[in-house]
Amino acid sequence: MRKSPFNTILSGLLIAVMTVWLAVPFGMALLWSLVDPSQAWSYPDILPPKLSFERWSLMWDSTSLPIAMFNSYSLAPMAGVGAVLLAMPTAYAFGRLEFKGKAVWQTLVLVPLIMPGFVTAIFFASLLFSMGFFARYPAILVGHVVMLLPYAVRILSVSFSLVRQDVVNAARDLGASPISVFRVAYLPVLKPGIFAAFLIVFILSIEEFALAFVVGSPDFTTIPTILYSYLGYNFIRPNAAVVALILVVPNVILMLILERLLQSANPAGISGKG
Amino acid sequence: MARLVAEDIAVRFGTFEALRGVDLTAESGSFVTLLGPSGCGKTTLLNVIAGFLQPSRGRLAVDGKDITALPPEARDSAMCFQSYALFPHLSVADNIAFGPRQKRVARDETVRRVDGLVRQLGLVDHAGKLPNALSGGQQQRVALARALAVAPGLVLFDEPLSNLDAKLRDQVRNEIRALQRDVGFTAIYVTHDQAEALALSDMVCLMNKGVIEQKGAPRDIYFRPRTRFVADFIGAANLHRGKLCGGAMSTPLGVLHCCHEDGEDVEICWRPEAARLGGDLSGTVKAVAFQGAHVDVFVSAGPETVRLQVPGELNVSIGDTLQFSVPPEGVIALEASANA
């Protein structure tokens with residue numbers, strides 16, 4: 001089928017917007033991160049006069065970036081897994097059960113999202129201190145899981161509601177154990193939701209600043225706390241560009257992997273319709 | 001094979017009584033249909049038998065063993081769902097093998113059953129496909145094969161043919177009945193289609209508003225309906241109400257004779273095909289519908305219109321006066337319905 005001109009214009013427009021929105025900032029960050037410390041990039045140069053990886057090695061050697069990377073890259077997947085697992089029971093209830101006050105509960109679960117991160121962070125930190133809990137790493141992990149739980153609950157509720165009761169019944173009717181019922185009737189439908197919830201929590205955790213900063217201060221670093229240290233008073237754009245790229249790379253890789261996994265999931269297998 | 005006994009089954013959803021004390025016995029190897037209009041409780045009863053719903057009262061037993069409290073996975077029944085409810089991510093063969101695998105049937109026995117059913121139901125070319133690649137009729141066959149693969153004593157059908165077109169429906173219906181005779185399972189079959197129920201069953205249970213209004217062999221139900229609801233639901237029926245005196249009731253069409261004791265307020269009915277041409281009943285032809293083998297003639301006199309089925313050769317036209325009679329053995333007196 002030939003595309004109509006209207007479609008062509010629309011897709012052209014979309015590509016243009018995406019370029020301006022994604023490619024330009026990304027390209028700029030890349031260029032800025034490659035600016036050599038010896039020669040500044042200033043007006044009217046269109047491109048940096050000299051490109052080098054000097055900034056990258058500088059950042060790697062002189063800051064706590066390696067530790068921060070370890071912290072961020074290990075916190076994010078654990079927060080993702082934790083949030084998905086903890087969200088399951090609530091999402092099951094919202095997606096599959098009818099109970100009194102369901103709408104109210106659904107709204108209440110989302111309320112943490114309107115709370116500014118710093119407010120949560122400050123009081124979460126003081127709660128931890130008054131409990132005598134000083135281990136930063138687990139504290140931030142718990143904090144991230146709790147803060148990002150609403151996203152996982154929301155996404156998984158929808159997934160649970162898509163599970164067909166007749167398929168669940170059919171599985172039970174044929175003698176399936178609860179685990180088998182979950183595997184055959186729930187999991188194929190939940191899979192995209194689990195991936196999506198994991199991805200959202202992962203990305204939000206990796207770029208979360210407020211809680212990591214307040215609970216982790218003064219010396220526990222994650223990639224965003226380093227990034228923020230290059231903004232503000234001691235603003236060094238090329239250094240910030242390096243950290244920003246380090247922040248975004250795992251997100252992009254993860255996105256591509258999950259995209260692959262989701263494509264292999266048969267869409268008809270989820271909806272039951274051809 | 002299994003003999004199912006349900007005693008006094010009641011189900012309540014909030015204040016709504018979906019079932020109000022149903023008794024049902026399905027003999028081993030018999031084909032029982034639950035027939036009724038939507039909302040009569042037939043699917044609810046099926047779900048109680050399958051174990052998806054706990055009755056609020058009553059008792060279920062299979063071969064004398066009480067199964068009321070057993071969960072569906074522990075029962076010796078398998079259901080064929082209206083929506084098929086196939087596992088969309090599993091191939092046809094894996095769908096069929098699912099039940100035996102769950103019940104820990106030996107591997108070679110599972111393979112043997114799957115092969116046998118695939119061949120029996122004409123799915124050989126489709127065994128490796130996903131359910132979505134199949135037509136409705138084929139999916140229905142997979143659902144049937146999947147249910148039969150666990151070798152259940154009791155197979156439950158929830159309007160299995162309602163999503164198929166008329167021709168396919170006849171074909172699959174015959175296949176189901178042939179399989180049932182072959183394999184010998186006891187079948188409980190829910191439908192709202194009276195023709196399907198009459199054609200398939202050893203026993204028809206006609207349900208209305210949460211109770212079984214009448215149960216019996218298809219012929220019994222058709223020729224000896226007990227209540228107005230049954231007469232009206234199964235086939236077409238001409239109903240008259242009035243005083244029966246000396247085995248005769250006078251109607252606007254003339255006097256109808258009936259072998260029944262007299263009463264002040266009796267309801268009688270007769271089937272359209274019971275009418276014979278010529279006689280002392282008469283009326284004006286209001287409408288004619290030629291059906292090939294027979295003609296449906298609607299005859300009215302006064303406020304009443306009745307339907308007659310006469311041989312196809314008869315040439316009647318609207319406005320004619322038609323003389324006919326109904327033999328007394330074709331006229332059935334009805335009881336007042338318990339829950340009209």
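Reader: What do the buried residues of H2(B) pack against?

Author: In this predicted model, they pack against helices from both chains: helix H7 (165-173) and helix H8 (178-206) of chain A, together with helix H3 (107-120) and helix H4 (136-148) of chain B.

Reader: Nice. How many of the residues of H2(B) are buried?

Author: Helix H2 of chain B runs over residues 92-102, and 8 of its 11 residues are buried, so "mostly covered" is a fair description, with buried meaning under 20% relative accessible area.

Reader: And which ones are they?

Author: The buried set is B:Val92, B:Asn95, B:Ile96, B:Ala97, B:Phe98, B:Gly99, B:Pro100 and B:Gln102.

Reader: What happens just after H2(B)?

Author: There you meet B:Arg104, which takes a positive phi of about 55°.

Reader: Let's switch to chain A. How many helices and strands does it have?

Author: Chain A has 12 helices and 0 strands. Reading along its sequence, you get α-α-α-α-α-α-α-α-α-α-α-α.

Reader: What about its dimensions and burial?

Author: The C-alpha trace of chain A spans about 75 × 65 × 30 Å along its principal axes. Of the 274 residues in chain A, 42% are buried.

Reader: And what about the surface, what share of it comes from carbon and sulfur?

Author: Chain A exposes about 15500 Å², and carbon and sulfur atoms supply 73% of that area.

Reader: How much of the contacts in chain A comes from residues 24 or more positions apart?

Author: Taking contacts with a separation of 6 or more, residues 24 or more positions apart account for 70% in chain A.

Reader: Which residues of chain A does the UniProt domain annotation cover?

Author: The unreviewed UniProt entry places "domain: ABC transmembrane type-1" on residues 69-258 of chain A. In the model that span is 80% helix and 0% strand, and its end C-alpha atoms lie 21 Å apart.

Reader: Back to chain B, then. What is the strand order in the open sheet?

Author: The sheet has 4 strands in the order S17-S16-S15-S18, with antiparallel pairing. Its edge strands are S17 (304-311) and S18 (321-325) of chain B, each pairing on one side only. On average, neighbouring strands of this sheet are turned by 50° against each other, direction ignored.

Reader: How many bridges join S15 to S16 there?

Author: Strand S15 (residues 276-290) and strand S16 (residues 294-301) of chain B are joined by 6 bridges and run antiparallel.

Reader: Which residue is the bridge partner of B:Ala287 in S16(B)?

Author: That would be B:Phe298.

Note on methods. Residues numbered from 1 in each chain as written. Chains lettered and ligands numbered in written order. Predicted model: local features only at pLDDT ≥ 70, side-chain atom pairs only at ≥ 80, totals over all residues. Heavy atoms only, no water. Pairing = 2+ DSSP bridges. Helix = DSSP H or I, 4+ residues; strand = E, 2+ residues; numbered from the N terminus. Axes fitted to C-alpha atoms, helices over the stretch in contact; angles between N-to-C directions. UniProt positions renumbered as here; feature names shortened; annotations may be inferred. Buried < 20%, exposed > 50% of the residue type's maximum accessible area, 1.4 Å probe, protein only. Contact = heavy atoms within 4.5 Å. Areas by Shrake-Rupley, 256 points an atom, 1.4 Å probe, with all protein chains shown as cover.
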